[in-house]
Amino acid sequence: MISFLKKFFFVSCYLLGFSFLCFASQESVEDLYKRGVDLSEKREYDGALWELNKAMGMVKRNYNHPLREKIEEAIRVTKAKTVVARYASRRRVSQNSEDGLSPIEDEPNDFLVHQAFGKSLARKIWEDRDSLQSNDKIGIGRTVTVLPDGGIELEENQNRNFSLRCVEAASFNLISDSKLALHSGAYCFYTLRSQGQFAVSSTFVDLQIQSDKPFALMVGVTTNGGMKVIGLLGRFTLIMNEKEEEVLPGELVFCMPKDFSRKMDVELNTLLLTSKLLNSFDKPVVFHKKLNQQALLQALRTKNRYRTTVGDVRGNQNFEMTVFPEE
């Protein structure tokens with residue numbers, strides 16, 4: 001009898017402990033949100049984004065959740081703080097210091113700066129560059145951060161695989177001569193090569209971009225860790241999770257963690273007038289004339305249209321849109 005009671009007590013405690021662990025592991029959206037905000041206030045931004053993205057994952061299909069907008073706002077604020085923290089750090093010293101960075105003189109010219117305005121920084125591997133300028137060389141492995149009111153235009157310098165522009169609080173890693181990791185910001189990619197192919201990634205999306213002819217596109221990092229892609233010139237294919245999506249000039253598609261959104265039409269003439277990626281630099285993009293022609297052809301084909309800009313993604317079926325009034 002005593003042996004039976006001992007076994008019963010052991011099993012009861014085991015089940016009670018198991019139930020407690022299961023209960024403790026089921027964190028609510030509110031718990032994750034509060035923890036993310038607390039970590040952000042403590043300047044632990046990587047951990048904060050981890051918690052906030054988990055919270056966003058739990059409400060991504062519930063567009064009416066009371067905390068959804070607060071979580072999205074917290075993610076935007078935390079990403080902005082991350083960018084500020086990166087460029088607020090002081091310049092590291094030479095190779096002989098404890099950080100072990102190599103001297104700038106040894107940095108290869110894997111990428112070349114064509115244009116820059118405002119302030120852009122380069123970090124990792126070699127000594128810090130605190131103000132990138134035209135003709136500066138940048139090596140693979142660098143993290144580039146563009147401060148608010150700044151912009152930079154780079155070209156892959158060995159094989160001319162692609163060029164890119166980015167503006168306003170953007171941050172990215174140069175992984176290789178044909179791959180970038182995008183952390184935040186808006187970008188314009190273009191290539192003058194045939195059989196062009198390169199890759200970009202964000203928090204939850206790995207995207208291959210390829211075409212057998214020259215092409216240009218815009219890419220924006222969204223708050224849910226995905227990307228927004230707009231075709232500017234040429235016909236190119238997006239490849240993600242073994243799925244493919246062909247994009248034409250004037251088409252917009254969101255790249256979600258698991259799938260592509262439905263495609264939408266965007267007026268190219270409005271982009272030409274409003275996009276800082278196209279208008280903020282001293283020299284226009286090399287395909288400026290062709291883009292003007294493409295915008296004119298699109299306008300002639302389309303009779304009824306609205307002048308709009310498409311903003312951030314809100315789930316797989318919802319997105320922000322601003323309609324400009326007719327003049």
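Here is a quick look at two buried residues and one helix in a predicted model.

Let's start with Q298, which sits in helix 7, the stretch covering residues 288-301. Its relative accessible area is 10%, so it falls under the 20% cut-off and counts as buried. The side chain of Q298 makes a polar contact with the backbone oxygen of V266, at 3.0 Å. V266 also turns up among the contacts of Q298 beyond four places in sequence, along with G250, E267, L268 and N269.

Next up is G220, which belongs to strand 10 (residues 215-221). This glycine is buried too, because its relative accessibility of 13% is under 20%. Skipping residues up to four places away in sequence, G220 touches G185, A186, G226, M227 and K228. If you want a distance to check, take G220 and F254: they are 34 residues apart in sequence, and their C-alpha atoms are 9.4 Å apart.

Here are the two residues side by side.

| Residue | Element | Relative accessible area |
|---|---|---|
| Q298 | helix 7 (residues 288-301) | 10% |
| G220 | strand 10 (residues 215-221) | 13% |

Last comes helix 3, with 15 residues running from 45 to 59. From first C-alpha to last, helix 3 reaches 21 Å, close to the 21 Å expected at 1.5 Å a residue. And which residues of helix 3 are buried? They are Y45, A48, L49, E51, L52, N53, A55, M56 and V59.

Technical notes. Residues are numbered from 1 along each chain as its sequence is written. This is a predicted model: local features need pLDDT of at least 70, side-chain atom pairs count only at pLDDT 80 or more; totals for chains, interfaces and linings use all residues. Side-chain values use heavy atoms; hydrogens and water are left out. Helices (H or I, at least four residues) and strands (E, at least two) are DSSP runs, numbered from the N terminus. Buried means under 20% relative accessible area, exposed over 50%, partly exposed in between (1.4 Å probe, protein chains only). A polar contact is a pair of N or O atoms within 3.5 Å; within protein, one must be able to donate a hydrogen and the other to accept it, and residues adjacent in sequence count only if both atoms are side-chain atoms. Contact means heavy atoms within 4.5 Å. The expected span of a helix is 1.5 Å times one less than its number of residues.
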